[in-house]
Every structure is written in structure tokens, then in C-alpha cells.
Amino acid sequence: MKKILIANRGEIANRIIKSCKILGHKSVAVYSDADKNSKHVRLSNESYYVGPSKAQESYLSYNKILDVATKAKVDAIHPGFGFLSENDTFAQEVINRGITWIG
């Protein structure tokens with residue numbers, strides 16, 4: 001794996017980004033309006049906007065996350081905790097697209 005999309009925010013994303021750096025992987029962050037200046041956006045190698053502050057319109061919109069994954073040409077997606085981490089439809093769609101599911 002060379003590039004991992006973190007489909008989460010805040011401390012969870014920060015920890016995953018730190019692990020990516022230690023392991024030599026590039027990280028891709030996603031962010032909403034509320035998080036555009038957040039630490040995880042600054043720490044990641046790349047960051048992409050996924051929508052308004054409301055989680056249902058950004059972090060929980062797996063089609064937007066998958067669009068970013070395609071655009072950023074990631075090898076894997078790490079959902080973190082909450083949000084999409086327990087969404088089996090999202091996990092299966094990630095796998096169907098040939099992207100590695102970490103979680």
C-alpha cells in the first residue's frame with residue numbers, strides 16, 4: 001500500500017495519519033466545512049472536501065468518500081471509528097472497486 005484514505009476526522013484521523021507516516025504510506029484526509037482548518041487536514045499528504053458540516057452530508061456519504069478515493073487513486077481506505085466503519089455496504093463497495101478495506 002502506498003496511499004490510504006482516512007474516512008474520518010479529529011483525533012482518530014490524526015492517529016491513523018501518524019501511523020501512515022511511520023509505515024511510509026501517504027495519507028489522504030477528507031473534511032467538511034466544519035473541519036476545513038482541522039489538524040487532520042494539515043497533517044495529511046492530501047485532503048479533499050466532502051461536503052457541509054452535517055455528518056449525513058459529508059462523512060456519512062459513502063459515495064462522496066468513494067469519489068475521493070477514485071480521484072486520489074488510493075490503495076486502501078481506513079474508516080476509523082463510527083461514521084462508516086460499521087457500514088457493510090460501504091465496505092463491500094470499497095472491496096468491489098479493488099481498494100483494500102482496513103478495519
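Let me start with a word I'll lean on this morning: a residue is called buried when its relative accessible area is under 20%, and exposed when that area is over 50%. What we have on the screen, everyone, is a predicted model.

With that in mind, have a look at helix α3, residues 62-72, where I65, L66, V68, A69 and A72 are buried. Where do they sit around the axis? They cover an arc of only 155°, and that puts them on the same side of α3. The reason such a pattern can arise is familiar: an α-helix has 3.6 residues a turn, so residues three or four places apart point the same way. Turn to the other side of α3 and you'll find D67 and K71, which are exposed.

What do the buried residues of α3 pack against? Their partners are β1, β2, β3 (46-51), β4 and α4 (88-96). And as you leave the helix, note K73 just after α3, with a positive phi of about 55°.

Now, the sheet. Five strands make up an open sheet, and its order is β3-β2-β1-β4-β5, with parallel pairing. The edges belong to β3 and β5 (100-101); each has a single partner strand, so one side of each is left without a neighbour in the sheet.

Let's walk across some of the pairings. From β3 we step to β2, and these two pair in the parallel sense over five bridges. Within that pairing, V28 has E46 in β3 as its bridge partner. Helix α1 packs on this sheet, where it touches β1, β2 and β4, and its direction makes about 175° with that of β1.

Next comes β1 itself, residues 3-6. Four bridges join β1 to β2, residues 26-32, and the two run parallel. One of the residues to click on here is I6, whose bridge partner in β2 is A29. To get from β1 to β2, the chain passes through helix α1, residues 10-23, and this β-α-β crossover is right-handed.

With β4, residues 76-78, β1 shares three bridges, and these strands run parallel as well. Here L5 stands opposite I77 in β4.

Let me finish with the side chains of β1. As you all know, in a regular strand the side chains alternate between the two faces of the sheet. In β1, K3 and L5 point one way while I4 and I6 point the other way. Are these four buried or exposed? All of them are buried, the lysine K3 included.

Thanks, everyone, and over to you for questions!

Note on methods. Residues are numbered from 1 along each chain as its sequence is written. This is a predicted model: local features need pLDDT of at least 70, side-chain atom pairs count only at pLDDT 80 or more; totals for chains, interfaces and linings use all residues. Side-chain values use heavy atoms; hydrogens and water are left out. Buried means under 20% relative accessible area, exposed over 50%, partly exposed in between (1.4 Å probe, protein chains only). Two strands pair if DSSP finds at least two bridges between them. A crossover is right-handed if, with the strands pointing away from the viewer, the path from the first strand over the helix to the second runs clockwise. The arc is that of the directions from the helix axis to the C-beta atoms. Contact means heavy atoms within 4.5 Å. Axes are lines fitted to C-alpha atoms, for helices over the stretch in contact, and angles run from 0 to 180 degrees between N-to-C directions.
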